[in-house]
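User: I'm new to this, so please give me a close look at the inside of this one. Start with the rings and the charges that sit over them.

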Amino acid sequence: MKISPINTFKYVNHINKNAVSFKAETNQTQANSEAVRTEEPNLNTYIPLMSNKMKLNENIKFFVGGLNKIDTDEKRKHQQLKIADIGCCDGALSRTLSEFLPRNTKYYGLDLSPEMLEEARKKDAQAGINSTYAVGNAFDLPYKEEKMDAIMLSSVMHELYSYACEEYNEEAYSKDSILHFMQQAYDSLKPGGVLIIKDPATAGADAWEPVKISNANKEDGEYPPIEYEEELRNANITKLCTFDKLKRFCMDFYPAKGNIEFNDKDECIMPRWLVTEFVRHRKWLATPENWAYEIKENYGTLRPDEMSSFAKKTGFNVIKVENISIPNENNIYAIKPKEFEIKDMEDNQLSLEDFPMFLEVVLRKPRS
């Protein structure tokens, strides 16, 4: 049997209560899948990738610029800054920012993974960073008494959206999760404090515009192209060519269900939002375990207008809410030559600059 329409596949989502980061109960997408979700992600691959990402100049420039928007009155002008990184991983963002901020700045990190936080403590001790880390939940921030000058999320907001939290929403992929977090952040900030978010973007008004993806290189995997559904479902995903990874991705990734059409084994049509999902997911597929994590994450969360609306609902003033496109040569999600091709329905070549890659957000809590 050849590849059938994707709406014949169903992804069953199981998640522990309040699991809004990487730690989750073991999950198996389908009976024969080798992509078993373990208790922790692969630290050997995940930490270096995230650490390198934090060091990108444009990324750090954005966070430094956001921190400069803290509205500090004269009385607090020379007081110690307190900055919290939610979903901090190994603390790479705070350590990098420490090169630009006052030496007495106090850094706080929150993550669900004790292993990640142990890495953070070791690296901060070597770097001489004044930091405090805690295992905790983004839906219940522990800073409401102490109050922060800034709260940061770097590629974390989509996780709040992707994972179920039974106390606040019954299923994954709920925007109520983000709204609840934003209220938590507002309550945890000092007056004049800022919430700074950088997250993978979702498409705007053209999200459902169809585009074509074609297989430009049939030999970029260890396996030759796979034509049959059952064989593809049982294949080792790390050895597939890129186009076969796309087909397997659309089998396993629940939001893709029913939103893709295969013309033949080397071409498909999908909406623009799903193109950006695959482009970003494919970079993190070093192991079957990583694959199991990735197919649970929907990177496209809020459009800029939705984020602005949520900011107003929670009381924030909007400083910046903007989708950012990045040229292929400067993009960590860059498409390699002959990896695959993206075209519009008139067969005009498209590049990553035609797709928003990141949402940049700076919100400020009013001082009065």
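Analyst: Let's get one idea straight before we look. A charge is said to sit over a ring when NZ of Lys or CZ of Arg is within 6 Å of the ring centre and also within 35 degrees of the ring normal. Keep in mind, too, that this is a predicted model.

Now try that on Lys-365: it lies over the face of Tyr-186, at 4.7 Å from the ring centre. Arg-272 does something of the kind with Phe-355, its charged end sitting over that ring, 4.4 Å from the centre.

Arg-272 also takes us to a helix. It belongs to helix 9, which runs over residues 272-281 and is mostly covered, with ten of its ten residues buried. So you'll find charged residues such as Arg-272, Glu-277 and Arg-280 on its buried list, along with Trp-273, Leu-274 and Phe-278, among others.

Phe-278 is a handy stepping stone back to the rings. Ring pairs tie it into a cluster with Phe-249, Phe-253, Trp-291 and Phe-340. Zoom in on Phe-249 and Phe-253: these two are stacked, 4.8 Å centre to centre, with 20 degrees between their planes. Both Phe-249 and Phe-253 are buried. Across the structure, there are ten aromatic pairs.

Right between those two in the numbering comes Cys-250, and it's buried as well, because its relative accessibility is 1% and the cut-off is under 20%. What about a disulfide? A search of the whole structure finds zero of them. Cys-250 is in no disulfide, and the nearest cysteine sulfur, belonging to Cys-268, is 6.6 Å away; a disulfide would need the two sulfurs within 2.5 Å. Another cysteine, Cys-241, is buried too, since its relative accessible area is 0%.

Next, the greasy middle. In soluble globular proteins, nonpolar side chains tend to be buried together. Here the largest nonpolar core has 77 residues, and the ones touching the most other members are Ile-86, Ile-151, Leu-153, Phe-181, Leu-195 and Met-307. Apart from that core lies another, of 18 residues, including Leu-67, Ile-83, Val-194 and Val-362. Leaving out neighbours within four places in sequence, Met-307 is in contact with eight residues you can pick out: Met-157, Met-182, Ile-197, Leu-302, Val-321, Leu-359, Val-361 and Leu-363.

Ile-151 leads on to Ser-188, in helix 6 (residues 176-188). Not counting residues up to four places away in sequence, Ser-188 touches Ile-151, Leu-141, Tyr-143, Lys-144, Lys-147 and Met-148. Ser-188 counts as buried because its relative accessible area is 0%.

For contrast, hop over to Ala-205, in the loop between strand 7 (189-200) and strand 8 (210-215). Ala-205 is exposed, because its relative accessibility is 92% and the cut-off for that is over 50%. In space, Ala-205 and Arg-303 are 9.0 Å apart, C-alpha to C-alpha, though 98 residues separate them in sequence.

Finally, step back to the whole chain. It has eleven helices and 14 strands, and 57% of its 368 residues are buried. Take the contacts between residues at least 6 apart in sequence: 76% of them join residues at least 24 apart. About 15,900 Å² of the chain is exposed, with carbon and sulfur atoms supplying 46% of that.

Definitions and conventions:
Residues are numbered from 1 along each chain as its sequence is written. This is a predicted model: local features need pLDDT of at least 70, side-chain atom pairs count only at pLDDT 80 or more; totals for chains, interfaces and linings use all residues. Side-chain values use heavy atoms; hydrogens and water are left out. Buried means under 20% relative accessible area, exposed over 50%, partly exposed in between (1.4 Å probe, protein chains only). A nonpolar core is a set of buried Ala, Val, Leu, Ile, Met, Phe, Trp, Tyr and Cys residues joined through side-chain atoms within 4.5 Å. Contact means heavy atoms within 4.5 Å. Rings of Phe, Tyr and Trp (its six-membered ring) pair if their centres lie within 6.5 Å; planes under 30 degrees apart count as stacked, over 60 as edge-to-face and the rest as tilted. Helices (H or I, at least four residues) and strands (E, at least two) are DSSP runs, numbered from the N terminus. Accessible areas come from the Shrake-Rupley method with a 1.4 Å probe; for residues, only the protein chains shown count as cover.
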